[in-house]
Structure formats: C-alpha cells, structure tokens
Amino acid sequence: MELGIGIGWRPEIADEVEALAGIDWVEAVAENLCADHLPDSLVRLRERGVRIVPHGVALGLGGADRPDPVRLAALAERAELLGTPLVTEHIAFVRAGGPLTASPRLEAGHLLPVPRTRDALDVLCENVRIAQDSLPVPLALENIAALISWPGEELTEGQFLAELVARTGVRLLIDVANLHTNHVNLGQDPAKALDELPVEAIAYVHVAGGVERNGVWHDTHAHPVTAPVLEVLAELRSRVDPPGVLLERDDAFPPTAELAGELDAIRATLRQAAPTAGPRPATCGGEDTGVRAAAVPVPPGTHDRTDVPVPAGTRDRAPAAPVPAGTRDRTAVAQAALLSALVAGTPVPEGFDPRRLRVQSRALAAKRADVVAKVAPELPEILGDGYRAAFLAYARSRPMTGGYRRDALDFAEHVLIAGSPADPAARRRLSSWWRHRSGARPPHRATRLVRAARAALVGR
C-alpha cells in the first residue's frame with residue numbers, strides 16, 4: 001500500500017493543508033473527529049483523492065487493562081467513516097490505577113513508555129490482538145519518545161518491536177523524531193534500533209520537530225524539523241523505501257511556505273538517501289543476516305519460537321498465547337506507581353532517575369495547562385496572566401482523572417471554591433462559564449468539607 005508524502009491535518013491549518021502542493025494523504029487525530037460527520041476540509045480533500053488515516057492517541061494499548069471496547073468501537077467507526085486503508089495508535093500507556101490495583105484511576109494526558117520486558121510485551125501483544133479483532137482495517141503502532149527509562153529492561157527497542165511484529169503481525173509506524181529523542185534522552189542508537197526492527201513491516205513514517213533544553217530533547221511537534229531528525233530519516237531510507245512519510249505539526253503552526261519547505265526537505269532526504277545498488281543488507285546485534293524479510297530474530301526467553309518468518313506486508317497472526325497469570329497485575333502495579341509519582345507527587349519508584357521524573361512531571365503539568373487552554377480558551381481569557389500559575393498550582397495536587405475537558409471544569413470549580421478570581425466581574429464570568437457546562441452550581445461549604453474528607457480517606 002503506497003501512501004506517498006503526507007502531512008498531519010489539524011483544524012488550525014486546514015486551509016494551509018488544502019493549499020499545499022504534492023500532498024498524497026493526511027493523518028487526522030481520531031479522537032478529534034465526530035463519528036457522524038467530517039469537517040468540510042477533510043471532505044474536500046477526500047473528494048480530491050487524498051487518503052485520510054485516523055491516528056488514535058487514547059487507547060493505551062501498552063496499559064495493564066484490556067482495551068476499552070467503547071474506545072475501540074469509536075476508532076472502528078472513524079475508520080469506516082473515512083474509508084481508510086489502516087488505522088494507527090501508539091505503543092504506550094496513558095492511564096493507570098483502577099480495579100487491577102484497587103486505587104483511583106489516573107490519566108496521564110500523555111503517551112508514556114512501557115517497559116521493554118517480557119511481562120509488558122505479553123500484555124501489549126494480547127491488547128493488540130484484541131484491537132485487531134475489533135477494527136475493520138489493519139493496525140499500525142508507533143514507537144514513542146521518552147524522557148524516562150524503566151529499570152530492569154530485558155529487550156532493546158528494536159528487539160521489542162521485532163517480537164511484537166512476529167507475534168501479532170501488526171504493522172509499524174516509525175517516528176524518526178522519536179528515535180532521535182530517545183538517542184538524546186536515553187542514549188539509544190537510532191541506527192541500532194533500525195538494524196534490529198523488521199523494516200519491511202513499516203506502514204509509514206513520522207517526521208516532526210522538537211527542541212533541546214538543558215540536555216533534554218522535548219518532542220514538541222511545535223518546532224521545525226532539525227537536521228539530526230532528517231539524518232535518522234536518511235538512515236531508515238538507506239534500509240527500506242517506506243510506503244509513506246508524513247510531517248507532523250501540532251502547535252505554533254508556521255506559514256504555508258515554511259510547511260512546504262519542510263516537506264521539500266523530507267522529499268530531498270528520501271531522494272538523496274535512496275540506495276543506488278540494491279537493498280542495503282540489514283544487521284541485527286552486529287551480525288549480518290542477509291535479506292531482512294527472511295526472518296526476524298526473537299530473543300530467547302519464555303517463548304518457544306526463535307526464528308519467525310515475517311514477509312513484507314501484513315501476515316496472518318500466529319496462534320495467540322494467553323497472558324501468564326499475574327502478568328497484568330504486576331504491570332498494573334508498576335504503571336500505577338510510576339504515574340502516581342509523576343502526577344500526584346507520591347514517592348519515586350525504585351530504580352527510576354528522580355531528576356528525570358521531575359522533568360517529566362513538570363512537562364506533564366505544562367502540557368495539561370496548554371491543552372486545557374486550548375479546549376477551554378475562555379479560562380485563560382477570564383483569568384488573564386494568572387491562568388498558568390493558578391493551573392500549575394492546581395495540577396500539583398490534583399491528578400487528571402477524566403480527560404482534558406473534565407480537567408478544565410474541575411480547575412474552574414477549584415478556582416471558584418478558593419474564592420478567585422478577586423475581580424467580581426471575572427468571578428461572575430467564570431461562574432457562568434462553569435454553570436453553563438456543568439449544569440450545577442459550585443458546591444457549598446458543606447459539600448466541600450465532605451469532598452475533602454473523602455480525599456483524605458483515599459489518600460491514606
């Protein structure tokens with residue numbers, strides 16, 4: 001399935017995307033599309049023959065829980081609506097806690113890395129199979145960027161992806177910007193990862209920008225694509241001709257000419273890095289394995305197969321093996337402990353770098369503030385310059401439990417209960433905004449005391 005050159009479609013740049021020359025396809029965030037109708041811009045693009053691929057961000061297939069049937073059904077509906085050749089998601093967890101840990105459910109509001117362990121791989125593979133059985137088209141999964149690494153990992157990123165493909169037949173969405181991010185932040189070699197993963201399973205590739213601050217690379221999708229990211233793209237192209245390559249931009253959108261320039265740079269990189277004398281031999285673990293499509297090495301361990309053929313394209317899945325008893329419980333406890341440390345200030349789990357966790361925690365809070373300002377722009381308008389400081393103070397002790405729109409309502413309620421803002425007119429506006437969306441009045445003192453008592457009991 002050839003896709004060509006594409007760009008991430010976002011409402012803020014809908015007109016610019018339509019005006020760009022040489023766009024073969026676009027990718028749209030699945031959760032931002034209504035199930036019963038498409039934005040006019042996407043309708044016009046589809047009428048022109050531009051393919052639209054829905055890109056999910058909320059399934060959390062790397063999480064300890066089995067995929068939510070409601071979320072899976074919603075993703076399937078969007079696939080049917082778009083007539084897409086495939087759907088994509090991430091190798092990540094986005095929430096933790098709940099029944100498996102008998103603790104409150106916490107939302108990260110962000111894609112967090114799964115540990116590259118046998119337990120995590122078993123859970124991920126079963127979750128992927130459940131998703132594949134629920135979707136009307138093939139599924140491809142994206143590697144993510146990370147600020148933190150798990151202790152006790154048993155596989156490299158390339159080995160983890162190779163075994164995932166071998167066991168499930170899932171396709172890969174390789175983000176070269178994420179490979180660069182993990183190189184800067186975690187010391188992982190992008191070339192080694194590309195050597196180890198089954199490049200013939202790649203459905204398409206992401207390219208995006210970021211920025212380095214104090215030795216940490218932030219995958220912002222709000223900055224221009226850098227030369228090192230294009231170098232990773234060239235490394236990938238020297239191994240395989242990817243069916244599609246897509247430019248992602250999620251914020252601080254530049255003029256159309258700059259987007260066109262970045263697309264031209266991607267095209268030039270692909271052209272210049274193309275092998276001139278046949279396919280480049282791929283290596284795994286430093287050993288020349290010849291033709292990559294012949295076999296994907298599966299690191300020895302608890303699984304029986306050590307050499308699973310994976311032909312190019314989607315293959316039939318091998319018979320499913322059940323997740324060993326206790327695996328989901330162990331995964332749930334580990335993920336809940338990490339997420340709680342990041343968003344609720346609980347102790348850092350053993351083996352993690354406390355400094356990196358603080359960086360990740362601040363990044364999560366900053367992202368919450370930014371996204372809430374987008375989904376509820378009235379809040380920074382009403383609160384003015386004090387919005388960000390007030391939200392970050394709120395976020396330090398109040399984890400997100402129900403998504404960003406719920407977070408916006410809870411923040412507004414918190415501000416009102418605290419007696420802010422001081423300006424009576426602004427307070428009336430905020431109260432009216434909150435009432436209009438929640439259908440109730442801000443709680444009285446007695447209700448606040450009950451809620452405080454409940455919170456204290458939960459925290460014990």
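Strands here are DSSP runs of E at least two residues long, numbered, like the helices, from the N terminus. With that in hand, welcome to a tour of a predicted model.

**Stop 1: a turn between strands.** Select N214, which sits in the loop between β10 (211-213) and β11 (216-218). Check its backbone: phi of N214 is near 55 degrees, a positive value in a residue that is not glycine. Most residues other than glycine have a negative phi.

**Stop 2: a cis bond.** Next, go to P421, in the loop between α14 (403-417) and α15 (424-438). The peptide bond that leads from S420 to P421 is cis, and its omega is near -10 degrees. Most peptide bonds are trans.

**Stop 3: α4 against α5.** Now show residues 118-134, helix α4, together with residues 157-168, helix α5. Their axes come within 10 Å and cross at roughly 40 degrees. That angle falls outside the ranges for roughly parallel (under 35 degrees) and roughly perpendicular (65 to 115), and α4 and α5 are therefore oblique to each other. Looking at the handedness, you will find that α4 passes α5 in a right-handed crossing. To see the contact, turn on side chains for R118, L121, D122, L124, C125, V128, R129 and Q132 of α4, then for F160, E163, L164, R167 and T168 of α5. Colour this contact by residue class and you get six nonpolar, two polar and five charged residues.

**Stop 4: α6 against α8.** Keep the helix view and move to α6 (residues 176-186) and α8 (residues 227-237). Here the axes come within 8 Å and cross at roughly 115 degrees. The crossing of α6 past α8 is right-handed. On the α6 side, select V176, A177, L179 and H180; on the α8 side, P228, V229, V232, L233 and L236. How many of the residues in this contact are charged? There are no charged residues in the contact of α6 with α8, which has eight nonpolar and one polar.

**Stop 5: the cavities.** Finally, switch on a cavity display. The structure holds three cavities of 30 Å³ or more, and the largest of them has about 190 Å³ of space. To centre the view there, select P113, V114, R116, I144 and E157, the closest to its centre of the 16 lining residues. Two helices from the earlier stops come back: α5 and α6 each supply at least two residues of this lining. The largest share, three residues, comes from α5. By class, the lining of the largest cavity divides into 10 nonpolar, three polar and three charged residues.

Definitions and conventions:
Residues are numbered from 1 along each chain as its sequence is written. This is a predicted model: local features need pLDDT of at least 70, side-chain atom pairs count only at pLDDT 80 or more; totals for chains, interfaces and linings use all residues. Side-chain values use heavy atoms; hydrogens and water are left out. Axes are lines fitted to C-alpha atoms, for helices over the stretch in contact, and angles run from 0 to 180 degrees between N-to-C directions. Helices (H or I, at least four residues) and strands (E, at least two) are DSSP runs, numbered from the N terminus. A crossing is left-handed if the near helix is turned anticlockwise from the far one by less than a right angle, and right-handed if clockwise. Contact means heavy atoms within 4.5 Å. Ala, Val, Leu, Ile, Met, Phe, Trp, Tyr, Cys and Pro count as nonpolar, Asp, Glu, Lys and Arg as charged, and the others, Gly among them, as polar. Angles under 35 degrees count as roughly parallel, over 145 as roughly antiparallel, 65 to 115 as roughly perpendicular and the rest as oblique. On a 1 Å grid over the protein atoms alone, a cavity is a set of points where a 1.4 Å probe fits but cannot get out, and a pocket is an open set with protein on both sides within 12 Å along at least five of seven lines; lining residues have an atom within 4 Å of a point. Grid points are joined across faces, edges and corners, and a volume is the space filled by probe spheres set on the points.
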